[in-house]
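Please look over the sequence and the model below before reading on.

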Amino acid sequence: NAGGGVVDVSTVPEFERPFAMARQMRGSYGFLRTALQGGTLLGPAALAATFTNTSNDGYRAHSDSRRALLNTSITSPLGETTDFGLFMTAANDLFHIPGPLTMAEALSTPQNANATYASRDERRYNRVGRIGVTLRHAFDESRSVSGMVFVNPKVLQRSERGTFRDFNRYHLGGNLVYRTEYDLQPGLAGGTIVGADGAYQDGTILFYSLTTNGTRGTELRDNKAEGASNAGVFAQQELRFGERIGLDLGARWDRIRYNYRSYIDPRLDDAKSFSRISPKIGVNYRPSSKHSYYANIGGGVEAPSGNETDPASTFGQDTVTAINPLLEPIHSTTYELGTRQMLPLAGGGMFSAFSYDLALYNTNVTNEIVPYRGGRFYFTAGKVRRQGAELGASVLGPSGLELAGSLTMSRNRYVEYTIDSVHYGRPGKLADYSGNDAAGVPGLFYSVSAGWGISDAIPFRFQLNVRGVGDYFVDDANLVEVPAYHIFGATVSTGSGVPVGGVLLKAFVTVENLGNRRYIGSAFVNPDVVNGVPVAFEPGSGRAFTLSISIGPRTRN
């Protein structure tokens, strides 16, 4: 929470006979996760379900969290050429926010919470559900059409900046996509994809007073509704010249509209729309089946999120309009060059295979959104340029030895950025930050790992890794810096698992931050400054252990 994060990936399992799997994880700082997964066949249909329940006390005070997540799916053929899917998801999560600290506090007492955040019991309590239906029909081997619709209700509550906030939203949408592949002439094949998608979200937002213990008060301070819709159409043309050259051409048109209504002060009502056509062109050349070069040019449009379009989110400061007049849609154009290759290493040496992935990119962004005062309100920078290189490589050796690493180096600069400081009580004063580093973006990320399996007879695998992040500025004036860090981790696992009877046993023990180093895991961009000291820094977790044991079928097929 705050100083770190969890990536939770869920996919619909594929199986040919019923199965069940269970996993139990336990770790430092009260971490506990239980996961259950199973599936069965109902005639031609497949029913699958996954349930996870996670709780965590957190490294810092007032950073505890809990989350329950249920995913279910029913997939079935409807005849020989049509497939149907029904997917349902429900989640219930509560997490407390420890808040940012000064640098001195983060280094001396990193497990403490921000006193103001703790006193207000700042938290998020979310209950969401989603039901989606998919349908795919193949006219023949080369032509198909697919569609999807979903409904996504949300009940969100939070204590934030001295108010209790109650959101009730509904979100619905869908898409329709047509695909076809064909041969134009010998050695030249093509494929076309066209489609459209759309979604709409709306709902009420109620702001109440906050009691001294952080619960909802009796005073209704605001009553408003936020509506947002997006619609898009797209087309992509693929051409393949033999086995070596591929060409992709595409374009997408988007229109995003916001509609805000105030039921207390209707003069704040406002609506705003964003639209753009985003082109894309890509070329891929494959001199062999294990080597490719590619080049891409693409455009993009991103609309501000709800808390960015709604200006100053401290109650009582929304006195001009319900939509931030300072914001425009984010436009970007990206140029990318890259190559990928897998090389078998002959000659009887120590290593047997080597692979790498290298990419160079340049992205020009117009109207990049920049938060101020810890996210109370937002400006847009005129132009930002992001340039970088990304490299990933791995090498395989004997006895399952594998060395792998990744490196990202980038330069992120404001090209045109002048702001008005009227919000700080100095009308007419300007600051020109053109040429400064973009706030909140490290210019260096890297990770290196070494793994080794003992043997097939002794299925244990050891892995040591190090990951690091370079220093960066958290303010666009480039006066407040977050120092670089690197931390070590180690894992001992059963590798692909140990068969025990008719089941497969998997287990691992991981230690993160082996050296128990103190470091800044994240920071608020353009943070609040209290008595001349920025309150921006969120400490990363100390040394943490995780033990995982899972039992499942030896094979799902």
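The questions and answers below go through the chain as a whole, then its strands, cores, surface and charged pairs.

This is a predicted model, in which local features need pLDDT of at least 70, side-chain atom pairs count only at pLDDT 80 or more, and totals for chains, interfaces and linings use all residues. Residues are numbered from 1 along each chain as its sequence is written, and side-chain values use heavy atoms, with hydrogens and water left out.

Q: How many helices and strands are there in the chain?
A: Helices (H or I, at least four residues) and strands (E, at least two) are DSSP runs, numbered from the N terminus. By this rule the chain has three helices and 29 strands.

Q: What share of the residues in the chain is buried?
A: Buried means under 20% relative accessible area, exposed over 50%, and partly exposed in between (1.4 Å probe, protein chains only). Of the 557 residues in the chain, the buried share is 39%.

Q: In which sense do strand E10 and strand E11 pair?
A: Two strands pair if DSSP finds at least two bridges between them. E10 and E11 form a hairpin with three residues between them, and leucine 239 has leucine 247 in E11 as its bridge partner. Strand E10 (residues 216–241) and strand E11 (residues 245–262) have 18 bridges, and their sense is antiparallel.

Q: Which residue in E12 stands opposite aspartate 248?
A: E11 also pairs with strand E12 (residues 270–288), in the antiparallel sense and over 16 bridges. Opposite aspartate 248 in E12 stands glycine 282.

Q: Which elements give two or more residues to the largest nonpolar core?
A: A nonpolar core is a set of buried Ala, Val, Leu, Ile, Met, Phe, Trp, Tyr and Cys residues joined through side-chain atoms within 4.5 Å. The largest one has 15 residues, and those with the most contacts inside it include Val370, Tyr372 and Ile419. The elements that give two or more residues to this core are strand E15 (353–372) and strand E16 (377–396).

Q: Is leucine 505 buried or partly exposed?
A: Leucine 505 is found in strand E26. Its relative accessibility is 31%, so leucine 505 counts as partly exposed.

Q: Where does asparagine 526 lie, and is asparagine 526 buried or exposed?
A: Most residues other than glycine have a negative phi. Asparagine 526 has a positive phi of about 45 degrees although it is not a glycine. Its place is in strand E27 (residues 520–530). At 6% relative accessibility, asparagine 526 counts as buried.

Q: Which residue meets arginine 120 in a salt bridge?
A: A salt bridge is a side-chain nitrogen of Lys or Arg within 4 Å of a carboxyl oxygen of Asp or Glu. A search of the whole structure finds 20 of them. At 2.6 Å, N to O, the side chain of arginine 120 meets that of glutamate 122.

Q: Which residue meets aspartate 121 in a salt bridge?
A: Aspartate 121 lies in the loop between helix H2 (115–119) and strand E6 (123–138), and its phi is positive, near 50 degrees. Its partner is buried, because its relative accessibility is 13%. At 3.3 Å, N to O, that partner is arginine 123.

Q: What is the distance between the closest N and O atoms of arginine 143 and aspartate 140?
A: Arginine 143 is partly exposed, with a relative accessible area of 33%, and aspartate 140 is partly exposed at 34%. The two form a salt bridge, and their closest N and O atoms are apart by 3.0 Å.
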